[in-house]
Each structure stands twice: as C-alpha cells, then as structure tokens.
Amino acid sequence: MALVGKKTAVAVVTIAIIVVCIPTIQNWFIPFRNVEGWTAPGWEKVAHTFRDLLKSNKRNGLSYSVYHKGEKVVDLWGGYVDLDKQEVWQERTMSQFYSTTKGACAIIVAMLVDRGYLDYEKPVATYWPEFGQNGKEKMTLRTLLGHKGGLSTLDTPPSIKTLFDTEVLGKMLAEQKPLWEPGTAQGYHGYTFGLYVDQIVRRADPKKRGIQQFFKEEIAHPFGIDFHIGLPLDQYYRVAKIHSPRLSDLVTGVLKNSNLLKLQVKMMTQTDTILSRSLQWPTLNLKTNMQWPSFYAFPFGSVNGFGHARDMAKLYGILFSGDKYKGKKLMSQKVLKMLSKTISSMPDMVLDIGKNLTFSLGFSQVNIPHGSKEYLSVGHEGYGGQVGLGYPSKDLGIGFVNNVLSVSMTMSDERFIALHQTTWECLEKLE
C-alpha cells in the first residue's frame with residue numbers, strides 16, 4: 001500500500017512538473033514583439049521591466065500606464081492581440097477590464113453625491129422606492145457599495161435578453177431578497193454590483209442617464225478618456241482576443257496559493273453555495289456568450305469596461321490629482337476624501353480566500369507591499385489580472401490590462417506586481 005501511494009505521489013509530481021514546463025518550451029518558438037510606447041525621464045526602468053515580462057511569456061498582450069501629478073509618465077504596450085493570427089498589440093488596442101469597471105461605476109456614484117443627487121447615508125429606496133421591499137427598506141447606499149447588502153446573486157439569474165431590458169431587470173433586482181441581513185456580513189457582488197448601480201444612477205441623475213451614457217458625457221468626452229462601459233459595436237475591431245488561464249497557469253497558481261486551490265475546488269464541486277450562485281450564472285459564460293460583440297455592447301458595469309491601460313491610469317490620475325489636470329477635476333476634495341476611507345474589511349462570504357477583503361465606497365482597497373512598506377490603494381482589480389488604481393497621497397494613477405488571463409486575485413498578478421514595484425522605485429528616486 002505504501003509503495004502504491006509513493007508511486008502515485010511521484011506520478012502526480014511528475015505530471016505537474018511537465019504541465020508547468022510545457023509553456024516554457026512553447027515560449028522558445030514564439031517570435032518576440034518589441035515594446036512600444038514611451039516613458040518620461042526618470043521612468044525608463046519601467047520599460048525595461050515591461051520588456052522582460054514580454055520576453056518571459058511571449059503569448060502576453062499587455063499595456064501599462066502611469067499618471068503622476070496629472071501628467072502621463074508611462075505609456076507602454078506590446079505582445080499579441082491574437083497570437084494565432086500573429087496580430088500585435090497596437091497603440092489603440094483595447095482589452096476588457098472585467099471587474100476593474102466597478103471602480104468607474106463608483107466614480108459615477110461619487111460625482112452624483114458631489115452634486116447633491118445622491119447621499120451615501122440615505123436608504124437606496126429614497127431614490128428607488130420599489131427597492132424598499134423584502135428586508136431592503138433601510139439599506140443605505142453605503143451598505144450596498146460596500147458589498148454588505150446581501151445582494152450578491154439573484155434567485156433567477158437573468159437571461160441575456162433580460163439584461164438588455166432595463167425595466168424588467170430593474171423589477172427583478174428590486175424584488176430580490178438579501179441572502180443575509182444587510183450590513184451584518186460582507187459578500188462580493190461580482191455580477192450584481194454594476195446592475196444595481198446602473199438602476200440607481202438612472203433614477204438619481206436629472207437627465208435619467210444610465211452608467212454608459214453618464215460616463216461618456218461627463219467623464220470620457222470632457223477629459224479625453226477612451227474608455228467604454230459597454231463597447232460600441234463599431235469599436236469591436238480594436239479589442240484583443242481573450243485567452244483564458246491554461247492548465248499550467250492553474251497548477252502554478254494553486255501551488256503558490258492554497259486558498260486559491262480551495263476556491264477553485266469549491267467552484268467546480270459545489271453548485272449551490274453563495275460562491276457558485278454569485279459568480280457562476282448559468283446564463284453567462286466567460287468563454288462563449290460573454291465574448292460576443294452583442295454582449296460586449298451591454299453596459300454591464302460589473303465586467304464590461306473596455307480601454308487601454310492609459311485610459312484607466314488617466315482616470316485615476318485625474319481623480320487623485322485634485323485640479324492639476326488642466327484646471328479640471330471630477331469632484332470636490334470633500335467627496336474625494338470619503339473614497340479613501342475603508343467602510344468594510346472582513347472575511348468575505350463569496351470570495352473566501354483566507355483573508356479579509358477591504359472596500360471603500362465601491363472601490364477595492366489593497367495593501368500593496370514595496371520593500372518594508374505597504375501602501376493602501378484605491379481602485380479595483382479585475383478578473384485575469386486587470387488593474388486600475390490610484391494613490392491619493394502620491395497623486396498617482398496606474399492602469400494595467402492584459403489578454404492572457406492569470407488566476408491571481410486581489411491585485412496579486414505577478415506581471416502587475418513587477419511593474420508596480422519598478423514604478424515605485426522610480427517614484428522614490430524622483431521625489
């Protein structure tokens with residue numbers, strides 16, 4: 001018995017080694033595409049790190065950008081949009097930011113708060129009377145934005161057709177009963193966050209605009225940000241082909257993070273948990289219908305944000321630069337200071353990864369290490385390693401997007417961490 005067990009263990013380890021090594025061998029035969037873009041004086045080391053990342057995995061298609069004190073200082077891109085067709089990443093290539101889009105939604109809400117049309121402390125039902133049922137009568141906007149509303153799923157996941165029907169979807173969302181008493185626990189609202197925010201914005205905005213139109217008219221056009229919540233069909237040709245994590249990526253990821261392994265096993269083996277009900281809707285599939293041009297066009301504030309890293313970096317760069325961007329600003333300092341304050345930090349009932357998840361008013365907050373220090377970011381990560389964040393104390397905005405998805409969580413993508421580390425090294429030398 002012991003001998004059989006030993007042979008099995010050796011076989012498993014051998015297979016794991018082979019699976020992990022195959023991508024390295026494949027990488028030898030992929031033509032390297034040079035880094036394109038620009039860095040300001042003093043930021044050149046970021047380009048070197050970016051080049052090393054592309055060389056270490058030539059399948060990558062990446063873009064990375066940094067805004068400092070309202071000015072662009074790093075704007076890099078490279079790799080492949082579609083490896084099979086040998087199409088390279090170009091200056092105007094866009095990719096999907098997934099949950100990083102939630103940060104853009106939170107900025108829209110903050111702008112409406114700044115203008116007096118919303119209040120974080122008031123019940124959602126103040127603006128949306130139909131919402132005030134099934135235990136949600138007193139749920140505040142703050143509670144919902146902090147993922148503490150118990151609305152991480154819907155009893156009946158909406159069809160694609162229903163998602164596009166604002167009135168039918170609104171009725172479904174309003175009638176949903178919370179999974180727990182609002183405010184007593186936290187559970188990541190992966191899909192539902194953007195749906196609820198869109199309904200609230202439509203009711204609070206004097207022009208009755210949804211998040212797509214509001215972002216376009218109040219942020220994208222005035223500030224020159226080429227980012228879309230819901231992709232116009234005529235822009236689909238610019239979007240990079242998405243490559244899901246390979247078996248080797250999954251093996252490497254779970255070997256480095258046991259909590260990620262537990263999460264993956266739970267998602268594959270348990271179909272009626274809060275996790276599966278919140279993040280695995282039978283009507284949506286990341287590999288099929290969620291990559292249709294018609295679905296990309298849906299203004300899904302939870303996942304359907306499209307742009308280049310420079311657009312995300314510019315968004316957060318402007319947000320946290322006060323009025324340093326050509327004398328313009330997104331909101332007052334009073335509201336801006338609210339966005340940096342943590343409103344919830346506890347074990348998450350949906351994403352149980354062995355540590356607290358931390359949120360401010362619709363933003364994810366992560367302590368990202370640099371040397372012996374840690375810096376609290378305000379922004380949001382997205383599926384596969386996408387990132388958009390800012391550092392209020394440093395007047396810094398950072399964007400990172402890729403189309404070769406990783407299995408990382410909470411801004412732990414190794415490519416982003418390497419670029420972030422180098423960015424801070426450059427920043428410290430310049431200060």
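Here are some questions and answers about salt bridges and one buried residue in this predicted model.

Q: What makes the pair Lys72 and Asp75 a salt bridge?
A: The cut-off is 4 Å between a side-chain nitrogen of Lys or Arg and a carboxyl oxygen of Asp or Glu. For Lys72 and Asp75 the N to O distance is 3.4 Å, so the pair passes.

Q: Why is Asp75 called buried?
A: Buried means under 20% relative accessible area. Asp75 comes in at 4%, so the label fits.

Q: And its partner, is Lys72 buried, exposed or partly exposed?
A: Lys72 has a relative accessible area of 30%. That value falls between the 20% and 50% limits, so Lys72 is partly exposed.

Q: How do you know that Asp155 and Arg277 meet in a salt bridge?
A: Check the N to O distance again: 3.7 Å for this pair. The limit is 4 Å, so the pair counts.

Q: What makes this a link between distant parts of the chain?
A: Asp155 sits in the loop between helix H4 (141-145) and helix H5 (160-163), while Arg277 belongs to helix H11 (residues 274-279). The two are 122 residues apart.

Q: Why is Asp155 called exposed, and Arg277 partly exposed?
A: Exposed means over 50%. Asp155 has 52%, so it gets that label. Arg277 has 28%, which lies between 20% and 50%, so partly exposed is the right term.

Q: What about Arg202 and Asp198: why is this a salt bridge?
A: Their closest N and O atoms are 2.8 Å apart, and the rule asks for within 4 Å, so they qualify. Both residues lie in helix H7 (residues 192-204), 4 residues apart, which is about one turn of the helix.

Q: Which of these two is buried?
A: Asp198, at 9%, is under the 20% limit and therefore buried. Arg202, at 26%, is over that limit but not over 50%, so Arg202 is partly exposed.

Q: How many salt bridges does the rule give in total?
A: The count comes to 15. Some residues join up in a network of salt bridges: Arg115, Asp205, Arg209, Glu217 and Glu218.

Q: Why is Thr192 called buried?
A: Thr192 is in helix H7. Its relative accessible area is 0%, which is under 20%, so Thr192 is buried. The residues it touches include Leu151, Trp281 and Ser302.

Q: What makes Thr192 and Leu151 a polar contact?
A: A polar atom of the Thr192 side chain lies 2.6 Å from the backbone oxygen of Leu151. The cut-off is 3.5 Å, so the distance fits.

Definitions and conventions:
Residues numbered from 1 in each chain as written. Predicted model: local features only at pLDDT ≥ 70, side-chain atom pairs only at ≥ 80, totals over all residues. Heavy atoms only, no water. Buried < 20%, exposed > 50% of the residue type's maximum accessible area, 1.4 Å probe, protein only. Polar contact = N/O pair within 3.5 Å; in protein donor to acceptor, adjacent residues only side chain to side chain. Contact = heavy atoms within 4.5 Å. Lists of a residue's contacts leave out its neighbours within four places in sequence.
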